Amino acid sequence: MQRKAYVPGAAVLLAALLAGCTGASDDGGSPTDSKGGDTGTTAVAAQPGKYRTLPEACGAVDHDTLDALLPGIGQLPDAAQQEQAYEGEAALTYDTDRRDGCSWKVESASATDRLSIAFERVVSYDNTVSDDNKAEELYSAQETAADLPEPAATGSGASSSPGGDAGTPSGDAGSGGSDNGGGSGGSGSEPTPSGSGSPAETSAALQPRVLDDLADQAFLNDKLSAGSSTARQRTVTVVFRTSNVIVTIEYAEQPTASGGVPDSEEMQDRARKLADVLAGKLDG
């Protein structure tokens with residue numbers, strides 16, 4: 001008896017199923033990922049800051065600079081007292097590579113002078129924010145809190161009145177004339193430094209302001225204490241940022257004589273020179 005031709009139906013079905021499950025493309029590529037998206041992309045971490053350490057604050061200011069800022073040191077009676085004054089008082093800190101500071105206070109026959117400096121190295125703990133950007137954020141908050149006045153107008157639009165608001169440092173409203181100079185400050189009585197413009201222009205140049213020629217960002221504040229029967233204290237503050245380090249300088253003077261007013265231009269000049277020195281210490 002002749003045997004009939006036979007193709008197993010189960011085998012045909014199995015072959016069809018296997019062909020459909022491969023999911024491979026005609027060009028031999030791999031099966032499509034059902035989750036989608038680029039799973040092989042890795043987020044790039046933000047860059048660390050330039051600085052990893054800080055200068056030692058009490059050793060960052062040399063004796064010549066301290067002599068200029070604190071003239072009373074030269075009036076101290078003996079060398080041991082002078083050396084102690086030069087050393088300053090270190091700020092309390094638990095990590096000198098993150099924060100460090102120092103302060104000095106010296107009395108003289110004419111005034112009491114105070115100086116403090118502080119270094120802060122900023123570290124961002126957010127992988128998407130660089131140390132520099134975090135430092136910029138913190139610096140900007142300090143500048144905003146200082147509430148600096150708008151820059152004074154220049155040229156024909158500038159006020160010609162010596163006692164105008166443009167010449168009044170921050171915190172010195174209502175003092176009855178500009179106190180930026182060393183005099184008692186009546187209208188028109190303030191001397192004009194050699195080579196400068198009118199008293200009003202000089203006062204405007206000494207206003208609290210942003211400093212464009214110091215580090216990455218910087219500002220200067222100048223405050224005179226409220227009037228009283230005693231001498232008035234002036235405090236000049238300079239804050240600057242270079243990369244991921246923020247430096248703060250506070251320089252204050254209170255004359256011994258009642259009614260005395262510290263000279264704004266002189267104090268600002270001293271504080272600015274110190275800021276240049278400290279910026280150099282960071283890069284040195």
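**Second largest pocket.** I looked up which elements line the second largest pocket of this predicted model, and found that helix H3 (79-87) and strand S2 each supply at least two residues of its lining. The space in this pocket comes to about 190 Å³. I then listed the lining residues, which are Leu76, Gln81, Gln84, Ala85, Glu87, Gly88, Glu89, Ser103, Trp104, Lys105 and Val106. Sorting them by character, I noted 4 nonpolar, 4 polar and 3 charged residues.

**Disulfide.** I searched the whole structure for disulfides and recorded 1. The partners are Cys58 and Cys102, with an S to S distance of 2.0 Å, and the link is right-handed, with 95° about the S-S bond. I next asked myself which parts the pair ties together. Cys58 sits in the loop between helix H1 (9-21) and helix H2 (63-69), while Cys102 belongs to strand S2 (residues 99-107), so the disulfide ties together parts that lie 44 residues apart in sequence. I also checked whether the two cysteines are buried or exposed. Cys58 has a relative accessibility of 14% and counts as buried, because the cut-off for that class is under 20%. Cys102, with a relative accessible area of 3%, is buried as well. I kept in mind that strand S2, where Cys102 lies, also supplies at least two residues to the pocket lining entered above.

**Thr237.** I turned to Thr237, which lies in strand S6. Its relative accessible area is 15%, so I entered Thr237 as buried, the limit being under 20%. Setting aside neighbours within four places in sequence, I found Thr237 in contact with Phe219, Leu220 and Asn221, and also with Thr248, Ile249 and Glu250.

**Confidence.** I looked up how far the prediction can be followed along the chain, and noted a mean pLDDT of 76, with 65% of the residues reaching 70 or more. Where is confidence lowest, and where is it highest? In the chain, H1 has the lowest confidence, at a mean of 49, whereas strand S6 (residues 234-242) has the highest, at 97; strand S6 is also the element that holds Thr237. I marked two stretches for caution. Over residues 28-37 the pLDDT stays under 50, and the model gives this stretch 3 contacts beyond four places in sequence. Over residues 156-168 the pLDDT is likewise below 50, although the model has 19 contacts for this stretch beyond near neighbours in sequence.

Technical notes: Residues are numbered from 1 along each chain as its sequence is written. This is a predicted model: local features need pLDDT of at least 70, side-chain atom pairs count only at pLDDT 80 or more; totals for chains, interfaces and linings use all residues. Side-chain values use heavy atoms; hydrogens and water are left out. A disulfide is a pair of cysteine sulfur atoms within 2.5 Å. Helices (H or I, at least four residues) and strands (E, at least two) are DSSP runs, numbered from the N terminus. Buried means under 20% relative accessible area, exposed over 50%, partly exposed in between (1.4 Å probe, protein chains only). pLDDT is the predictor's confidence in each residue, from 0 to 100. Contact means heavy atoms within 4.5 Å. On a 1 Å grid over the protein atoms alone, a cavity is a set of points where a 1.4 Å probe fits but cannot get out, and a pocket is an open set with protein on both sides within 12 Å along at least five of seven lines; lining residues have an atom within 4 Å of a point. Grid points are joined across faces, edges and corners, and a volume is the space filled by probe spheres set on the points. Ala, Val, Leu, Ile, Met, Phe, Trp, Tyr, Cys and Pro count as nonpolar, Asp, Glu, Lys and Arg as charged, and the others, Gly among them, as polar.
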